[in-house]
Amino acid sequence: MASFKHSISLSSSTDRDGLIGRASGEVHVIVGPMFAGKTTALLRRIKSEGNNGRNVAIIKSSKDTRYAINSIVTHDGAKFPCWALPDLSSFRKKYGDEAYEKLDVIGIDEAQFFEDLYDFCCKAADHDGKTVVVAGLDGDYLRRSFGSVLDIIPLADTVTKLTARCELCGKRAFFTLRKTEETKTELIGGADVYMPVCRQHHVNGQVVMEAARSVLESHKLKSDSFLEAAAPVV
Ligand SMILES: [Zn+2]
């Protein structure tokens, strides 16, 4: 009977029996396009956890240096201190083992830039009992899966997709449109480079941008060959 009980209510019985030495962790994922308020939602959550007496820390990617290096600033100007790191695996060492042990809640912003997101969330929530709140882009400007954000959906307790307002028509915006000719996936920028758009305007915008890009590309090819010819030999 006992083993049957264990098999049907694993988490409560293992907790009660002390088989897991600490409270089990949680993973919460906040996704959406740019300007949907993901960072604001993350900060709100982390602040309220902090107000409830829990130890909190926020990690952001050191790739994004748009506003400040050691703080997170939302598009509406709210600020919070954070750890800017190139990867998540270095967090524990930098934060200190003892301090890490005491930590209850870890926020991760711009999660699409962390390649080791899956392993970090597994370790932090499953083994270390942390609550991990992750905010990031689910898709890039071409609506392709961005980084490892979608890989952690199977690990998550909750998933929230936020929306913005389409900059062209005011409807709900689910996607991010890049306004420049640059085609690499990771291009850090704000409203100068990106805008939130609805489905219709993403599709239309994509057609317009591709046409613009090919025009710019042909101009660039001409000017590049001119620059190469003019560049001094070193
Ligand atoms: Zn629209």
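Over residues 1–20 of this predicted model, pLDDT (the predictor's confidence in each residue, from 0 to 100) stays under 50. For this stretch the model has seven contacts beyond four places in sequence, two residues being in contact if their C-beta atoms, placed from the backbone, lie within 7 Å. Over residues 228–234 the pLDDT is likewise below 50, and the model shows zero contacts there beyond near neighbours in sequence. Where pLDDT is low, the predicted coordinates should not be read in detail. For the chain, the mean pLDDT is 85, with 82% of the residues reaching 70 or more. Residues are numbered from 1 along each chain as its sequence is written. Because the model is predicted, local features need pLDDT of at least 70 and side-chain atom pairs count only at pLDDT 80 or more, whereas totals for chains, interfaces and linings use all residues.

The chain holds seven helices and twelve strands; these are DSSP runs numbered from the N terminus, helices being H or I over at least four residues and strands E over at least two. Of the 234 residues, 31% are buried, a label that requires 20 or more other C-beta atoms within 10 Å of the residue's own, with 12 or fewer counting as exposed, the range in between as partly exposed, and C-beta atoms placed from the backbone. Among contacts between residues at least 6 apart in sequence, 72% join residues at least 24 apart.

Six strands form an open sheet in the order S5-S2-S6-S7-S1-S8, with parallel pairing; two strands pair if DSSP finds at least two bridges between them. Strand S5 (83–85) and strand S8 (158–161) each have a single partner strand and stand at the edges, so one side of each lacks a neighbour in the sheet. From one strand to the next, the twist averages 20 degrees.

Strand S2 is a good place to look more closely. Six of its six residues are buried, with Val 56, Ile 58 and Lys 60 on one side and Ala 57, Ile 59 and Ser 61 on the other. Four bridges join S2 to S6 in parallel, and Ile 59 has Ile 108 of S6 as its bridge partner. With S5, S2 pairs in the parallel sense over three bridges, and here Ser 61 stands opposite Leu 85. Elsewhere in the sheet, S1 and S8 pair in parallel over four bridges, with Thr 160 of S8 as the bridge partner of Ile 30.

Two helices lie across these strands. Helix H3 (residues 38–51) crosses S1, S2, S6 and S7, running at about 160 degrees to S7, while H6 lies across S1, S6 and S7 at about 150 degrees to S7. Such angles run from 0 to 180 degrees between N-to-C directions, with axes fitted to C-alpha atoms, for helices over the stretch in contact. In H6 (residues 117–127), Leu 117, Phe 120, Cys 121, Ala 124 and Ala 125 are buried. Seen down the axis of H6, its buried residues fall within an arc of 100 degrees, so they line one face of the helix; the arc is that of the directions from the helix axis to the C-beta atoms. These buried residues pack against S1 (26–31), S6 (105–108) and S7 (131–135). Gly 129, which follows H6, has a positive phi near 70 degrees.

Finally, Thr 163 is found in the loop between S8 and strand S9 (164–165). Thr 163 counts as partly exposed because it has 17 C-beta neighbours inside 10 Å. Its C-alpha is 5.9 Å from that of Gly 32, although the two are 131 residues apart in sequence. Beyond its neighbours within four places in sequence, Thr 163 is in contact with Gly 32, Ala 36, Arg 172, Ala 173 and Phe 174.
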